[in-house]
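Hi,

Here is the structure I said I would pass on. Have a look at it first, and then read my notes underneath.

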Amino acid sequence: MTGIALGSLHHVAIICGDYARSKRFYTEVLGLRVIAETWRAARDSWKLDLTLPDGTQLELFSF
């Protein structure tokens with residue numbers, strides 16, 4: 001079997017158990033920029049959209 005090279009990523013979704021701690025880690029420790037932060041009342045959860053310098057996006061979800 002031959003390997004397959006991954007060319008790029010558009011976004012990655014991450015589900016976290018402690019939203020405040022995770023948000024602090026990704027923004028303050030890793031320095032990712034916040035695109036949007038949305039409270040999703042129907043799901044009783046937060047969604048945080050972050051971007052890396054190369055344009056790849058992270059979606060952080062709390063549940």
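Below is what I found, going from the sheet to the helix, the core and one loop residue.

One thing to keep in mind is that this is a predicted model. As for annotation, the UniProt record (an unreviewed entry) has "domain: VOC" over residues 8-63. That span is 20% helix and 48% strand, and its end C-alpha atoms are 28 Å apart.

The sheet is a good place to start. It is open and has four strands, in the order S1-S4-S3-S2, with mixed pairing. S1 and S2 are the edge strands, each pairing on one side only. On average, neighbouring strands are turned by 15° against each other, ignoring direction.

Now for the pairings, going across the sheet. Strand S1 (residues 11-16) pairs with S4 in the parallel sense, over six bridges. Within that pairing, alanine 13 has glutamate 59 of S4 as its bridge partner, and isoleucine 14 has leucine 60. On to the next pair: S3 and S4 run antiparallel and are joined by five bridges. Here lysine 47 is opposite phenylalanine 61 in S4, while aspartate 49 is opposite glutamate 59. So you meet glutamate 59 twice in S4, as the partner of alanine 13 and across from aspartate 49. Last come S2 and S3, also antiparallel, with seven bridges between them. In that pairing, alanine 36 stands opposite aspartate 49 in S3.

Two of these pairings are hairpins. S3 and S4 have five residues between them, and glycine 55 in that turn has a positive phi of about 100°. S2 and S3 make the other one, with four residues between the strands.

How much of S3 and S4 is covered? Both are mostly covered: six of the seven residues of S3 are buried, and so are five of the six in S4.

Then there is the helix. H1 packs on the sheet and touches S1, S2, S3 and S4. Its direction makes about 165° with that of S4.

Which residues make up the largest nonpolar core? There are eight of them: Cys16, Tyr19, Tyr26, Leu32, Leu48, Leu50, Leu58 and Leu60. Helix H1 (19-29), strand S3 (45-51) and strand S4 (57-62) are the elements that each give two or more residues to this core. If you want one residue to click on, try leucine 58. Leaving aside neighbours within four places in sequence, leucine 58 is in contact with Val12, Ile14, Tyr26, Leu32, Leu48, Asp49, Leu50 and Leu52.

Finally, have a look at aspartate 44. You will find this residue in the loop between strand S2 (33-40) and S3. What is the phi of aspartate 44? The angle is near 50°, a positive value in a residue other than glycine. For background, most residues other than glycine have a negative phi. Is aspartate 44 buried or exposed? With a relative accessible area of 56%, aspartate 44 counts as exposed, because the cut-off for that is over 50%.

That's the tour. Happy browsing!

How values were computed
Residues are numbered from 1 along each chain as its sequence is written. This is a predicted model: local features need pLDDT of at least 70, side-chain atom pairs count only at pLDDT 80 or more; totals for chains, interfaces and linings use all residues. Side-chain values use heavy atoms; hydrogens and water are left out. A nonpolar core is a set of buried Ala, Val, Leu, Ile, Met, Phe, Trp, Tyr and Cys residues joined through side-chain atoms within 4.5 Å. Buried means under 20% relative accessible area, exposed over 50%, partly exposed in between (1.4 Å probe, protein chains only). Contact means heavy atoms within 4.5 Å. UniProt positions are given in the numbering used here, feature names are shortened, and annotations may be inferred rather than shown by experiment. Two strands pair if DSSP finds at least two bridges between them. Axes are lines fitted to C-alpha atoms, for helices over the stretch in contact, and angles run from 0 to 180 degrees between N-to-C directions.
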